[in-house]
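Trainee: Please pick one side chain in this model and look at it closely. Then work outward to its surroundings and to the rest of the chain.

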Amino acid sequence: GIRYSCYVFALVMNFFIIISFHFMDKYPKSWGVPTGVFHMIASRPLFVLGICLILYPVLVGKGKILLAILGHPLWNPMAKLTYGVYMLHILLFFTAAYNTLQGKFYTATDALLHGACFFFISYLVSFVVTLIFESPVVQLLKLFLEGGSKREKNANT
């Protein structure tokens with residue numbers, strides 16, 4: 001009923017928002033300044049509203065299909081790396097943007113390829129940092145925090 005109507009509405013709304021950016025970039029003069037400003041002001045909140053309408057049933061435990069997809073164990077390794085990726089990706093973006101001699105003009109293909117590259121490099125570096133620093137520290141914490149209780153259990157037996 002209402003949940004599926006919200007899914008369809010949110011998907012259609014977000015689809016049209018994404019497509020409208022393409023047409024605004026391709027034909028900027030046909031939109032006019034007031035329409036372009038309104039589009040830039042309204043599109044981001046509407047897009048976030050659409051994502052919220054899609055994810056809300058999952059958060060309250062009602063969206064079985066999305067809950068099964070998002071709750072799949074396949075996501076566990078990526079979830080452990082997410083904070084590292086969050087910290088690294090902005091550094092990659094700024095490094096790429098500010099280490100150029102002149103401004104860059106991106107096409108949709110360039111933006112997609114750069115985004116995929118930043119995504120891959122961020123996860124790769126986050127994985128290496130996790131292996132080198134985070135995993136040993138977690139093992140040391142487990143040793144120190146659980147070490148005393150194990151010694152007491154072994155002494156009592």
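**Cysteine 52 and its setting**

Mentor: Cysteine 52 is partly exposed, with a relative accessible area of 45%. On this scale, buried means under 20% relative accessible area, exposed means over 50%, and partly exposed is what lies in between, using a 1.4 Å probe and protein chains only. The model is predicted: local features need pLDDT of at least 70 and side-chain atom pairs count only at pLDDT 80 or more, while totals for chains, interfaces and linings use all residues. Residues are numbered from 1 along each chain as its sequence is written, and side-chain values use heavy atoms, with hydrogens and water left out.

Next comes the question of bonding. The closest cysteine sulfur to that of cysteine 52 belongs to cysteine 6, and at 12 Å it is too far for a bond. A disulfide here is a pair of cysteine sulfur atoms within 2.5 Å, and the structure holds zero of them. Cysteine 117 is partly exposed as well, at 38% relative accessibility.

Now the helices. Helices are DSSP runs of H or I with at least four residues, strands are runs of E with at least two, and both are numbered from the N terminus. Helix H1 covers residues 2–26 and helix H2 covers residues 33–59; the two pack at an angle of about 150°, with axes 9 Å apart. Each axis is a line fitted to C-alpha atoms over the stretch in contact, and angles run from 0 to 180 degrees between N-to-C directions. H1 and H2 are therefore roughly antiparallel. That label applies over 145 degrees; under 35 counts as roughly parallel, 65 to 115 as roughly perpendicular, and the rest as oblique.

The crossing of H1 past H2 is left-handed, meaning that the near helix is turned anticlockwise from the far one by less than a right angle; clockwise would be right-handed. The contact between H1 and H2 has 18 nonpolar, six polar and one charged residues. In that count Ala, Val, Leu, Ile, Met, Phe, Trp, Tyr, Cys and Pro are nonpolar, Asp, Glu, Lys and Arg are charged, and the others, Gly among them, are polar.

Serine 43 sits in H2. Serine 43 is buried, with 2% relative accessible area. Beyond residues up to four places away in sequence, serine 43 touches Ile17 and Phe21, where contact means heavy atoms within 4.5 Å.

A second buried serine is found further along. Serine 126 is in helix H5, residues 108–156, and has a relative accessible area of 4%, which makes it buried. Its contacts, leaving aside neighbours within four places in sequence, are Leu81, Gly84, Val85 and Leu88. Leucine 113 is also placed in H5, but is exposed at 55%. Its C-alpha atom is 20 Å from that of phenylalanine 23, with their positions 90 residues apart along the chain.

Helix H4 spans residues 76–98 and includes tyrosine 86. Tyrosine 86 is exposed, with a relative accessible area of 53%, and its C-alpha atom lies 27 Å from that of isoleucine 19, 67 residues apart along the chain. Methionine 78, another residue of H4, is partly exposed at 28%. Outside its neighbours within four places in sequence, methionine 78 is in contact with Phe119 and Tyr123. Methionine 78 and isoleucine 18 are 26 Å apart, C-alpha to C-alpha, and 60 residues apart in sequence. Alanine 96 also lies in H4 and is partly exposed, at 24%. From alanine 96 to histidine 114 the C-alpha distance is 9.6 Å, for a sequence separation of 18 residues.

To return to the starting point: cysteine 52 is partly exposed, and its sulfur is too far from the closest cysteine sulfur for a bond.
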